[in-house]
Amino acid sequence: MPIGDYELHKEIGKGAFSVVFLVTEKKTKKQWAMKIIDKKSSSKAALETEIEIMKKVDHPNIVKMHEYFESTDKIYLIVELVTGGPLFDRIVDKKSFTEKEAKLITQQLLQSLVYLHSIGIVHRDLKPENLLLKTPTDLTVALSDFGLSKIVGDDVFMKTTCGTPSYVAPEVLNNISNSPTAYSDAVDMWGVGVITYILLCGFPPFYSEDIRKLFESILSASYDFPNDYWSNVSKEAKHFINCLLTVEPTKRYTAKQALQHPWIVENNQTEPLPH
Ligand code: ADP
Ligand code: MG
C-alpha cells in the first residue's frame, strides 16, 4: 500500500504513541521507518515548530528524522531505519549486560543527551524501550522518541508516562502542576540512572505492584543493590548510579558531569595484573 512517496511493507514495531512500518521511498528505493501517530489536539503551528526542531537534530546516537507529512487525523514521520531492535529486548534475552557493555551503552546515551540538552531539548521519556540498537550485531544505540511529548500533547504524554512510572523522576511525580524543574534536563538524567541500573542487573531500581509504594520509593530514592545481583559490580558503577538517582534535581549529575565520572572515563581493568 503506498502512502505519499512511500511503499509500505510491514509493521516493525508498536510504541506508546505510534505504529511503525518498514517503507521504501519510491524515488530512491531507500528503506526508512515510518512512524504513524494519531493526531491529537496540538495546534498545527506548534506541531510544525516541533517537527522542524526534530529535523535539525543530527547526532550518531539519535534516530534521524527525514521528513514528515500529515492527513486529517494522522501524522507520518519518516525516520532513519535501525535494525537492531529495542535495547529492552536485548536485556530480556541477555538478563543483564557486562559492566563493559553497560558502560558502552551508557556513554553513547550520555553523548546524545549532552547534545540534546545543549540545544535546549529535553527528551522526557528515557527508558530502554526508547533506546534502539542500530544493528543486530553491535551495541551502537540510537535514541528514539524525543520531542514526542510535544507532538502528542502534554495530557496524553503524562498519562502514558505516569501510568507506568518506574522511570519517572521524583520532581515529575511531585509536580503534575507547574514546577519549573519538572521538565528540566535533570529529568532525563534520572532516566539514565534507571537505565544504567537495569543494564547492570536486569531489573528496575524502583518496583512495586502497589502504585503508592512505588511513588514513595521514587520520591525518596529508596533503592538498593541486592547482593545476589550486584556483588560483582564495581563500586564506581554504583556511585555513578547514586549520582543520577538523586532526588534533588539541582544536585543530580548533568550529562556533562556524568560523562566525566570515573566509571565512564576510566578503563577499569578488573583482571589482576601479571606478576
Ligand atoms: P512510540 O513513540 O510510539 O513509543 P517508538 O519510537 O518507541 O514509538 O517505536 C516503537 C517500536 O517501533 C520500537 O520499539 C521499535 O521496535 C520500532 N521502531 C521505532 N523506530 C524505529 C526505527 N527508526 N527503525 C526501526 N524500528 C523502529
Ligand atoms: Mg516509545
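Visitor: How many bridges join β4 to strand β6, and in which sense do the two run?
Guide: Happy to start there, with the reminder that this is a predicted model. Strand β6 covers residues 74–79, and one of the facing pairs sets K35 opposite L77 in β6. The two strands run antiparallel, and the number of bridges joining them is six.

Visitor: Which strands are the edge strands of the open sheet?
Guide: Let's walk across the sheet, which is open, has six strands and pairs in the antiparallel sense. The order is β1-β2-β3-β4-β6-β5. An edge strand pairs on one side only, and that applies to β1 (2–3) and β5 (65–70).

Visitor: In β4, what is the bridge partner of F21?
Guide: A good place to look is the pairing of β3 with β4, which is antiparallel over seven bridges. These two strands also form a hairpin with five residues between them. In β4, the residue that partners F21 is M34.

Visitor: Which residue in the turn of the β3 and β4 hairpin has a positive phi?
Guide: Five residues lie between the two strands of this hairpin. One residue in the turn has a positive phi of about 65°, and that residue is K29.

Visitor: What is the bridge partner of K10 in β3?
Guide: Here we move to the pairing of β2 with β3. The two strands pair in the antiparallel sense over seven bridges. Within β3, the partner of K10 is L22.

Visitor: Is K35 buried or exposed?
Guide: K35 deserves a visit, as UniProt lists it for "binding site" in an unreviewed entry. The residue lies in strand β4, residues 31–38. K35 has 23 other C-beta atoms within 10 Å, and the cut-off is 20 or more, so K35 counts as buried.

Visitor: Which residues does K35 touch, not counting those up to four places away in sequence?
Guide: One of them is the residue that K35 stands opposite in β6, namely L77. With the sequence neighbours set aside, the full list is S18, V20, L77 and V79.

Visitor: Is E11 buried or exposed?
Guide: E11 lies in strand β2. Leaving aside neighbours within four places in sequence, E11 is in contact with V19, V20 and F21. The count is 11 C-beta neighbours inside 10 Å, and the limit is 12 or fewer, so E11 is exposed.

Visitor: What distance separates the C-alpha atoms of E11 and P170?
Guide: Along the chain, these two residues are 159 residues apart. In space, their C-alpha atoms are separated by 35 Å.

Visitor: Which element gives the largest share of the shell around ligand 1?
Guide: The shell holds 22 residues, and the closest are G13, G15, S18, V20 and A33. The elements that give two or more residues are β2 (6–14) and β3 (18–25). The largest share is three residues, and the element that supplies it is β2.

Visitor: How many residues of the shell around ligand 1 are nonpolar?
Guide: The shell residues divide into three classes. Six are polar and four are charged, and the number of nonpolar residues is twelve.

Visitor: What share of contacts between residues at least 6 apart in sequence joins residues at least 24 apart?
Guide: Let's step back to the whole protein, which has twelve helices and eight strands. Of its 275 residues, 32% count as buried. Among contacts between residues at least 6 apart in sequence, the share joining residues at least 24 apart is 63%.

Conventions: Residues are numbered from 1 along each chain as its sequence is written. Chains are lettered from A and ligands numbered from 1 in the order in which they are written. This is a predicted model: local features need pLDDT of at least 70, side-chain atom pairs count only at pLDDT 80 or more; totals for chains, interfaces and linings use all residues. UniProt positions are given in the numbering used here, feature names are shortened, and annotations may be inferred rather than shown by experiment. Helices (H or I, at least four residues) and strands (E, at least two) are DSSP runs, numbered from the N terminus. Two residues are in contact if their C-beta atoms, placed from the backbone, lie within 7 Å. A residue is near a molecule or strand if its C-beta atom, placed from the backbone, lies within 6 Å of it. Ala, Val, Leu, Ile, Met, Phe, Trp, Tyr, Cys and Pro count as nonpolar, Asp, Glu, Lys and Arg as charged, and the others, Gly among them, as polar. Two strands pair if DSSP finds at least two bridges between them.
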